[in-house]
Amino acid sequence: LDQLEEVFTQNPRGSSRPAELFRAVELLVESEALPVKVVLSYRTEFRGEFFPLEERLARHARTLAVREVGRAGLVEAIEGPSRLPGYRFSFEEGLAESLASDILAGARKGGDKALPVLQIVCRQLFERMRAKGLDEIDAALYQDALGGTRGALERYVEERLAAPEHAARFAMARQILKALTVKEEAGERFS
């Protein structure tokens with residue numbers, strides 16, 4: 001189960017859903033009839049929320065911290081979906097390597113993590129490729145559609161805030177983002 005923290009972020013405070021999910025995970029893990037392994041992944045800042053589950057499953061659990069992925073891992077994550085028959089698209093030769101380098105450089109400079117930026121950039125590239133009726137993501141699409149990876153996270157947040165479903169909360173969201181923006185010598189970034 002990936003991005004498990006969403007059981008807290010996508011449900012109202014006090015919701016019974018986290019407890020229901022925890023119980024389902026317990027039943028699955030403790031079942032001797034099912035030969036399964038359960039992998040739960042969540043962001044480290046939510047570990048306190050998952051501590052009760054970790055305690056209950058301690059005899060079954062093995063905790064591993066996932067470190068930031070390197071360039072080779074990013075290239076694999078970028079190209080991987082293009083190898084799946086259902087997606088039917090490709091990357092221009094060498095573009096995945098360029099993307100990985102740009103994402104790593106931008107993440108390091110901006111204090112961001114590479115994987116969220118990669119997810120946003122690749123999704124935007126895929127959506128723009130499909131919208132143009134193409135079956136290849138090339139350097140021109142990358143530059144024209146996104147202007148590179150620099151500021152990808154900020155552009156994504158701005159686009160989401162501009163969406164009609166967020167119009168009623170736009171002013172409040174902008175104030176929250178302003179409060180979360182860190183000013184540094186190199187410019188501003190979301191904290």
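Helices in this description are DSSP runs of H or I of at least four residues, numbered from the N terminus, and the model to which they belong is a predicted one. In this numbering, glutamine 3 lies in the segment that precedes helix H1, which spans 6-9.

Glutamine 3 has a backbone conformation that deserves separate mention, in that its phi is positive, at about 55 degrees, although the residue is not a glycine. With a relative accessibility of 33%, glutamine 3 counts as partly exposed, because this value falls between the limits of 20% for buried and 50% for exposed residues. When residues up to four places away in sequence are not counted, glutamine 3 touches Ser41 and Gln119. A further relation across the sequence involves tyrosine 42, whose C-alpha is 5.0 Å from that of glutamine 3, while 39 residues separate the two in sequence.

Tyrosine 42 also takes part in the aromatic pairing of the model, for which the count comes to eight pairs. With phenylalanine 50, tyrosine 42 forms a pair with a centre-to-centre distance of 4.1 Å and an angle of 25 degrees between the planes, and this pair is stacked, since planes under 30 degrees apart are classed in that way. The two partners are set apart by their accessibility: tyrosine 42 is partly exposed, with a relative accessible area of 24%, whereas phenylalanine 50 counts as buried at 1%. Ring pairs further link Phe8, Phe22, Tyr42 and Phe50 into a cluster.

Two members of this cluster, Phe22 and Phe50, recur in the packing of helix H2 against helix H3, where Phe22, Val25, Glu26 and Glu30 of H2 meet Glu49, Phe50, Leu53 and Arg56 of H3. The residues of this contact divide into four nonpolar and four charged, with no polar residue among them. The axes of H2 (residues 17-30) and H3 (residues 47-56) come within 11 Å and cross at roughly 25 degrees, so that H2 is roughly parallel to H3, given that angles under 35 degrees are assigned to this class. The crossing in which H2 passes H3 is right-handed.

A second aromatic pair is formed by tyrosine 87 and phenylalanine 126, whose ring centres are 5.9 Å apart and whose planes stand at 90 degrees, so the pair is edge-to-face, the class that applies to planes over 60 degrees apart. This pair links distant parts of the chain, as tyrosine 87 is placed in the loop between helix H4 (71-79) and strand S1 (90-91) and phenylalanine 126 in helix H6 (residues 114-131), with the two positions 39 residues apart. Both residues are partly exposed, tyrosine 87 with a relative accessible area of 39% and phenylalanine 126 with one of 23%.

The loop between H4 and S1 also holds arginine 88. Phi of arginine 88 is near 50 degrees, again a positive value in a residue other than glycine. Arginine 88 counts as exposed, because its relative accessibility of 62% is over the 50% limit.

Definitions and conventions
Residues numbered from 1 in each chain as written. Predicted model: local features only at pLDDT ≥ 70, side-chain atom pairs only at ≥ 80, totals over all residues. Heavy atoms only, no water. Axes fitted to C-alpha atoms, helices over the stretch in contact; angles between N-to-C directions. Parallel < 35°, antiparallel > 145°, perpendicular 65-115°, else oblique. Left-handed = near helix turned anticlockwise from the far one by under 90°. Contact = heavy atoms within 4.5 Å. Nonpolar A, V, L, I, M, F, W, Y, C, P; charged D, E, K, R; others polar. Buried < 20%, exposed > 50% of the residue type's maximum accessible area, 1.4 Å probe, protein only. Phe/Tyr/Trp six-rings, centres within 6.5 Å; stacked < 30°, edge-to-face > 60°.
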